[in-house]
Amino acid sequence: MTHGISRRARWVAGGALVACVAAAAPASAATAPTVSCTSSKAGLADKLKRDITSALANRKGTIAVGLYDRSTKTTCTLRASSAYDSASVVKVTVLATLLWDAKLHNRYLTDRETTLAKAMITKSDNSATSTLWKQLGLTKIKGFLSAAGMTQTKPGADGYWGLTQITVTDEQKLLKLITASNTVLSDNSRTYIRKLMSQVISSQRWGTPYGAPSDVTVHVKNGWLQRSTHGWRVHSVGTFKGGGHDYMITVLTHDNSTMNYGITTIQGVAKVIHRDLAAS
């Protein structure tokens with residue numbers, strides 16, 4: 001099943017769909033960017049930079065990485081501003097927009113909305129996403145992105161939510177919003193988003209949770225989409241809390257030959273991040 005692209009878009013021939021969004025494809029950098037890390041904990045930044053770089057050394061594809069750990073004030077980035085087709089990762093943004101808008105109108109979600117939201121996040125249901133995306137409309141979605149400071153995110157046009165352009169920078173901003181008190185999302189909203197991300201079905205819990213210590217609470221949302229340009233897009237965003245750490249990881253990839261190849265790349269990065277933080 002192709003995830004991350006609206007039902008309306010599925011019947012469109014790949015070539016036609018590609019033709020209308022070709023301009024959104026990020027240009028290749030002239031020189032390969034390197035992993036950049038900073039930390040308040042001595043030695044941790046250097047270790048993470050070395051280990052993430054090593055994990056990616058023999059992986060094909062175009063990979064962007066973001067890590068932020070509040071506990072050690074650690075940040076790592078790679079291609080933080082490069083744009084990727086969102087696939088189903090945008091579903092967290094759709095849910096956040098729904099909750100943000102409900103808060104503006106001082107109302108709770110309806111039973112219908114909670115049913116759709118649960119299907120969208122826990123099973124990555126595309127039909128539920130298309131329904132909520134259409135209900136919200138681009139004005140509200142852009143309104144949330146503005147409130148969240150997610151200035152690099154460009155919503156997909158004509159109902160093609162899976163072609164929303166996302167970056168590591170903005171995904172990390174979103175993960176920060178759902179893991180700490182702020183004026184954009186209420187505490188109840190943040191708790192609700194994390195609850196659904198903790199209930200994702202087992203077959204979709206790959207990616208950033210890979211290698212997380214058993215005492216760490218995991219919240220995840222993944223995305224995957226194959227197109228005739230850039231092969232498979234395979235993405236994973238996750239937040240993690242426990243073992244003295246409070247951190248979030250975003251890994252975005254495209255140019256993968258298969259979905260599993262992308263998953264393996266993401267999990268190689270996640271494994272060393274969890275290991276290095278657990279040891280710090």
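**Buried charges, a bent helix and two cores**

Biologist: Asp-246 is buried, with a relative accessible area of 13%, where buried means under 20%, exposed over 50% and partly exposed in between (1.4 Å probe, protein chains only). Which side chain meets Asp-246 in a salt bridge?

Modeller: This is a predicted model, in which local features need pLDDT of at least 70 and side-chain atom pairs count only at pLDDT 80 or more, while totals for chains, interfaces and linings use all residues. Residues are numbered from 1 along each chain as its sequence is written, and side-chain values use heavy atoms, with hydrogens and water left out. A salt bridge needs a side-chain nitrogen of Lys or Arg within 4 Å of a carboxyl oxygen of Asp or Glu. At 3.3 Å from N to O, the partner of Asp-246 is Arg-70.

Biologist: How many residues apart are Arg-70 and Asp-246?

Modeller: Helices (H or I, at least four residues) and strands (E, at least two) are DSSP runs, numbered from the N terminus. Arg-70 sits in the loop between β2 and β3, whereas Asp-246 belongs to strand β8, so that the pair links distant parts of the chain, 176 residues apart.

Biologist: Which residues are linked with Lys-47 in a network of salt bridges?

Modeller: Lys-47, partly exposed at 31%, pairs with Asp-51, which counts as buried at 11%, and their closest N and O atoms are 3.5 Å apart. Because these two are four residues apart in helix α3, about one helical turn separates them. Another salt bridge, at 3.7 Å, joins Arg-275 and Asp-276. The residues linked with Lys-47 in the network are therefore Asp-51, Arg-275 and Asp-276.

Biologist: Where does helix α6 bend?

Modeller: A straight helix of 23 residues would span 33 Å (1.5 Å times one less than its number of residues), yet α6, residues 126–148, spans only 24 Å between its end C-alpha atoms. The bend is the angle between axes fitted to the seven residues ending at a residue and the seven starting there. For α6 this angle is about 90°, and the bend lies at Gly-137.

Biologist: Which element gives the most residues to the largest nonpolar core?

Modeller: A nonpolar core is a set of buried Ala, Val, Leu, Ile, Met, Phe, Trp, Tyr and Cys residues joined through side-chain atoms within 4.5 Å. The largest has 47 residues, and Leu-95, Ile-121 and Phe-144 are among those with the most contacts inside it. Elements that each supply at least two residues include β2, α5, α6 and β8. With nine residues, the one that gives the most is α4.
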